[in-house]
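Please open the model in a viewer and keep the sequence panel visible. The tour below proposes one selection after another and states what is found at each stop.

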Amino acid sequence: MKSDNISYSSVLQAIKHPDALPVDIFNRIHTQAKLIGPCTEEVSTRLWISSISGVYSRISSLFHMADYTSEEKLEAACTRALFYGFYSMRIIKIIMEERLYQLPLSDKTDIYGQRMLFEFL
C-alpha cells in the first residue's frame with residue numbers, strides 16, 4: 001500500500017541529494033519500505049547493508065593503494081580521475097599502474113594523455 005506521506009520519488013530525490021546523510025537516506029528508505037510491508041522492509045535493509053559493505057570494500061582498496069605507493073601519488077591519481085570525470089577503482093588502478101598521474105591535466109587530452117580527436121579536425 002502506497003503512503004501519501006512519503007512517495008517513491010521523494011525517497012529517490014533524497015538519495016540523490018549531495019548533502020543527504022546516509023542515516024537520513026536509510027531512514028527515508030526504511031520508513032517507505034515499512035509502510036509497504038515487513039518483507040519489503042527486510043529486503044531493503046539487507047540491500048542497504050550489502051551496498052554499504054561494497055562501498056566499504058572499495059574505499060578500503062583505495063586507502064590500501066597508499067600503503068604500496070605514496071599518499072602524494074594516490075592523491076595525484078584521484079585528482080586526474082576527478083578532472084576527467086571518473087571515480088571508479090578500475091580507473092584509479094589504471095592511472096596508478098600506468099603512472100598517468102605524472103602527466104599534466106588538460107582539457108585537450110583524455111585521461112591517458114592522448115590528444116582529443118576533435119583537435120585534429
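**First stop: a salt bridge**

This predicted model holds one salt bridge. Select Arg 46 and Glu 42 and display their side chains, which meet in that bridge with an N to O distance of 2.5 Å. Why are these two residues separated by about one helical turn? Arg 46 and Glu 42 are four residues apart in helix H3, and therefore about one turn lies between them. Now show the surface around the pair. Arg 46 counts as exposed because its relative accessibility is 56%. Glu 42, with a relative accessible area of 39%, is partly exposed.

**Second stop: the whole fold**

Return to a cartoon view of the complete protein. The secondary structure consists of five helices and zero strands, and the pattern along the sequence reads α-α-α-α-α. The protein has 121 residues, of which 25% are buried. Its exposed area is about 9100 Å², and carbon and sulfur atoms supply 59% of that area. Consider next the contacts between residues at least 6 apart in sequence: 36% of them join residues at least 24 apart.

**Third stop: a patch on helix H3**

Select Val 55, Ile 59 and Phe 63 and show them as a surface. These residues form a nonpolar patch, and their accessible area together is about 270 Å². Ile 59 belongs to helix H3, which covers residues 38–68. Is Ile 59 buried, partly exposed or exposed? Ile 59 counts as partly exposed, because its relative accessibility is 39% and this class lies between the limits of 20% and 50%.

**Fourth stop: the nonpolar core**

Hide the surface and select Leu 62, Met 65, Leu 74, Ile 92, Ile 95 and Met 96. These are the residues with the most contacts inside the largest nonpolar core, which has 17 residues. Helix H3, helix H4 (71–83) and helix H5 (89–97) each supply at least two residues of this core. Which helix provides the largest share? That share, six residues, comes from H5.

Keep Ile 95 selected and display its surroundings. Leaving aside residues up to four places away in sequence, Ile 95 touches Ala 77, Arg 80, Ala 81, Leu 100, Tyr 101 and Ile 111.

**Fifth stop: after helix H5**

Move along the chain to Arg 99, which is found in the segment after H5. Most residues other than glycine have a negative phi. Arg 99 is not a glycine, yet it has a positive phi of about 55 degrees. Arg 99 counts as exposed because its relative accessibility is 53%.

**Sixth stop: Lys 34 and Ser 44**

Select Lys 34, which lies in helix H2 (residues 22–36). With a relative accessible area of 52%, Lys 34 is exposed. Then add Ser 44 and draw a distance between the two C-alpha atoms. Lys 34 and Ser 44 are 10 residues apart along the chain, and their C-alpha atoms are separated by 9.2 Å.

**Last stop: confidence**

Finally, colour the model by pLDDT. The protein averages a pLDDT of 81, and 78% of the residues score at least 70. Over residues 1–5, however, the pLDDT is below 50. Beyond near neighbours in sequence, this stretch has five contacts in the model. Where pLDDT is low, predicted coordinates should not be read in detail.

Definitions and conventions: Residues are numbered from 1 along each chain as its sequence is written. This is a predicted model: local features need pLDDT of at least 70, side-chain atom pairs count only at pLDDT 80 or more; totals for chains, interfaces and linings use all residues. Side-chain values use heavy atoms; hydrogens and water are left out. Patches are made of residues with over 30% relative accessible area and no salt bridge: like charges are joined within 9 Å, nonpolar side chains (Val, Leu, Ile, Met, Phe, Trp, Tyr) within 5 Å. Accessible areas come from the Shrake-Rupley method with a 1.4 Å probe; for residues, only the protein chains shown count as cover. A salt bridge is a side-chain nitrogen of Lys or Arg within 4 Å of a carboxyl oxygen of Asp or Glu. Buried means under 20% relative accessible area, exposed over 50%, partly exposed in between (1.4 Å probe, protein chains only). Contact means heavy atoms within 4.5 Å. A nonpolar core is a set of buried Ala, Val, Leu, Ile, Met, Phe, Trp, Tyr and Cys residues joined through side-chain atoms within 4.5 Å. pLDDT is the predictor's confidence in each residue, from 0 to 100.
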